[in-house]
Structures are given as C-alpha cells and as structure tokens.
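Student: I'd like to learn how to read empty space and charge pairs in a protein model. Could you walk me through one?

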Amino acid sequence: MTDWRPEDSQFWKQDGARIARRNLWISIPALLLAFSVWMVWSVVVAKLPAIGFAFTTDQLFWLAALPGLSGATLRIFYSFMVPIFGGRLWTTLSTASLLLPAVGIGFAVQNPDTPYSMFLILALLCGFGGGNFASSMANIAYFYPRAQKGNALALNAGLGNLGVSVMQFLVPVVITAGVFGALGGAPQEISDGGRIWLQNAGFVWVPFLVIATVAAWFGMNDIADAKATLSDQLQILKRRQNWIMCILYTGTFGSFIGYAAGFPLLMKTQFPELDMLHLAFLGPLVGALSRAATGWISDKWGGGRVTFWTFVGMIAAVYGVLQFLPLGGSEGNFWGFFACFMALFFLTGVGNASTFQMIPVIMRREVARLNPGQEDNAARKQSEREASSIIAFTSAIAAYGAFFIPKSYGTSIAATGGPAAALWAFLTFYVVCALITFAVYTRKGGILHDIERGQTTTAA
C-alpha cells in the first residue's frame, strides 16, 4: 500500500482501521502458533525420561533453554526483515518455517535410538518460533496511529504469548490419545505401564501452521512507508534509549518467557511428589491475558509509571516464591509457591504492555530533540520507523530470558541443590530495573514525567 496515513483521522475511519484490524487478526494466530512451537520443549522434556530417554536433569534443562537461545538470536535478524521483505511475505515465510521443527519432533521422539545431539538440533530449530515475535511486532506497529499503538501491540503480543499457555494445556491432552491414527505412529510405553503419543506434541501444530501460512499470504498487506534499508534501521544501535529499553523489556518479557520455559520442569524438580504438570499452562495464560488486557492502562496513565510499579510488584512476588520453596530441609508449600508465581506471571504481562507503550512515546520526543527543525511529517515517519525497529530489537534481546532463566535454574540446582540462588539473582535484577525506570523516565525531570503527568490530567 503506497497510501498509508493512520494519523489522518478521516483516512483512519474510512479505510485504515479496517485494514489494520484485518492484519492484526491474521497476525495474532500466526504469532500464537509461533510461541506454541517455540516453547513446546518445556513440556516435552518433562516426558522424555518416562519413555526411556535417560538424560540428566541438567541435560533436560538445556533442552528447555536452547529454544530461547536460538529464538533470541534469530530475533535480532528478524527485527530488520519487515522493512526489507514486507510484512506479508515475511509473515508467510516465517510461519511456514515452523513446520520443520514441528514435524521433526514428531519423528524424533518415536525412535528410542534418537541421539541427544538430534534433540539439541530440534530444540534450536524451535527458535524459529521465537524469532517471529520481533518481525510480527515491528509489522503491526506500522499499521496503527500513535494513540492506539499501545493497545494494538498489547493485543498482538498478549494473545500471541497465549500460545505458550495453549501449548502447555493442549500438549498434555493430545499426547494421551492417537489423534492422528496410523498416520501419527505407534504410542510409547511409559514407566508406570501406560502409553502416550509424545509425537503429537509436534504433529498437532502442522494443520494449523498450514492454515496460518495461507491466511498470511492472501490476507495481509505490505506498507510502502515501512520500507527501509538495513543501514537506515541500524541507526537505532546508536540510540541510548534503545539500550535502556532492552534492559527494561528483558525484565518484563524476558521474565515472562523464561519463567514459562522453566516453570513445568521447576515444579517437577521442586515438588516431585506432586503431579501438577497439568497446571503449568496457567502461568503463561495469566501472563498473556494480563498483557492483552492491560495495554489501555499504559495508554491512559503512562507506560513509565506502570512499568515502575510493575517492577516493585515483581520484587515482592519473587521474594514470596523464595519463602515457599523446599529449602533448608523444609518441605515447602506448593500452593504458596504456585500463587506467587501466578502473581509474577500477571505482573510480567502488565510490564510487557507498558514497556512497549513507552517506546513510541520516547522516540517521538528523541527524534524531535535530535533533529530540531525537521519537517513534521518526516519526523513522524522517522520516529515510527525507529520505534518499530526498537520494539523488534528489544524483543530480541529480552528473549534471551527464555535461555538464561531455565539454565540458571539448572546451574543453581547443580551447584547448590536448589533454585534459590537463581531467584535471588532475578530479584536483584528487578531492583536495578525499577531504579533505572525511576531515574531515567518517571522522576521529576525524567523523559516521560511531563508527558505522563499530562496523560493523567487528561484522563482525570
């Protein structure tokens, strides 16, 4: 589309809103499937020992962590793909690429002789799903006017994040039956005498991925104004605000995706006498829904202030988790542990929405400051392009949380016998994030102080 003016209210009412909504509602299920494939190992690893794969606890945590490592790395490259290839083509290609790990997992778990190295490769390939988030968010950011970006991005990301919860709910169900009949392969005998079809953890996504790929190709649009060279986009690496927001988004989204990747195995290792794996999906569900449902709060009251108080809450929630772990010979308390993690997932969702709301606001001000006298329309296009690239790039850096959090659990357990050391490190990081948010953005004289005070006055 060569004529795209979302800030023009007449254009928006006549054509813009309808086109933007269509692209958003095709993007959301494609992103949901990407998250499902990305995080599928968080459930598969918990079942591998039961069907005869004799991997150590540390090896299992590596399998849970590697999709996060590859997904985060791919996000760095995916961040710049939409302005080069166009949102429609790139969404189509990136969604279709998920068929490779989905089918691969389905075949690998059926062969008891599959080497650990093959599982490592498949875990890395699942990172394709993680990479998709960066390009998806960058693409949707172009479609909406500034006043609606926060909510649109929250919906895309929040309902996309829901893929983790959908996967953690659906996979334990579909592996209990021969859903695909003879085409799906024979079941595996498990240690307690029962049978499961673990291959369904991969195969179940195949038909949905095909549908989403076709929908993206025939239903989405490219925006001519979004076109930019790699050199143009790399300007964000010189922006101080880009790197600060990378830290804050790692604290919010990095925590969400890292906790989602490690939560099932953490529950199993800390409370082995309880079979609570079927509850693991509730954490990502709470986090995804809170992100989708709370974007408007930041649009109304200011992303900086919401982000600050979110980190304060996360500090309290992690401290609560530590009180209920089985430490020092105590049995711990599963329900207290679970409740504090639900609070933590909820807060990460709120923070995911608020940090992304901050970026377009910050860059509109920064571009104006860096280019005094620039014509308004040129300034708007530059700020939107840079904000979109920063949104994608920060999501790439933050996605390393999907690697570091599960791996930190494994390292802490191996070194000390429990995950407490890792959790104390996370709590300390949230203290740093809260201080940065206050010092740079929300204090009197901070970048967002006057803007957000104006938002509050208008809202009141």
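Tutor: We'll take cavities, a pocket, salt bridges and a surface patch in turn. A word on the source: this is a predicted model, where local features need pLDDT of at least 70 and side-chain atom pairs count only at pLDDT 80 or more, while totals for chains, interfaces and linings use all residues. Residues are numbered from 1 along each chain as its sequence is written, and side-chain values use heavy atoms, with hydrogens and water left out.

Student: How many cavities of 30 Å³ or more does a search of the whole structure find?

Tutor: The general idea comes first. Rolling a probe the size of a water molecule over the atoms shows where empty space is left. Here a cavity is a set of points, on a 1 Å grid over the protein atoms alone, where a 1.4 Å probe fits but cannot get out. Grid points are joined across faces, edges and corners, and a volume is the space filled by probe spheres set on the points. By that search there are three cavities of 30 Å³ or more, and the largest has a volume of about 100 Å³.

Student: What lines the largest cavity?

Tutor: Lining residues have an atom within 4 Å of a point. For the largest cavity they include S27, T91 and N132. Helices α1 (9-38), α5 (87-96) and α8 (127-143) each supply at least two lining residues, with the largest share, five residues, coming from α8. Helices are DSSP runs (H or I, at least four residues), numbered from the N terminus. By class, the lining has three nonpolar, eight polar and no charged residues. In that scheme Ala, Val, Leu, Ile, Met, Phe, Trp, Tyr, Cys and Pro are nonpolar, Asp, Glu, Lys and Arg are charged, and the others, Gly among them, are polar.

Student: And how much space lies in the largest pocket?

Tutor: A pocket is an open set of points with protein on both sides within 12 Å along at least five of seven lines. The largest one holds about 490 Å³ of space. Of the 21 residues lining the largest pocket, A46, K47, K268, D275 and L277 are the closest to its centre. Its lining has 14 nonpolar, three polar and four charged residues.

Student: Now the charges. How many salt bridges are there?

Tutor: Side chains of opposite charge can pair when their charged atoms come close. The rule asks for a side-chain nitrogen of Lys or Arg within 4 Å of a carboxyl oxygen of Asp or Glu, and by it the count comes to five salt bridges. Take R18 and D15, whose side chains meet at 3.3 Å, N to O. They're separated by about one helical turn because they sit three residues apart in helix α1.

Student: Which parts of the chain does the R239 and E386 pair link?

Tutor: R239 forms a salt bridge with E386, the closest N and O atoms being 2.8 Å apart. This pair links distant parts of the chain: R239 is in the loop between α12 (230-233) and α13, and E386 is in helix α17 (residues 376-398), 147 residues apart.

Student: Are R239 and E386 buried or exposed?

Tutor: Buried means under 20% relative accessible area, exposed over 50%, partly exposed in between (1.4 Å probe, protein chains only). R239 has 16% relative accessibility, so it counts as buried, and E386, at 3%, counts as buried too.
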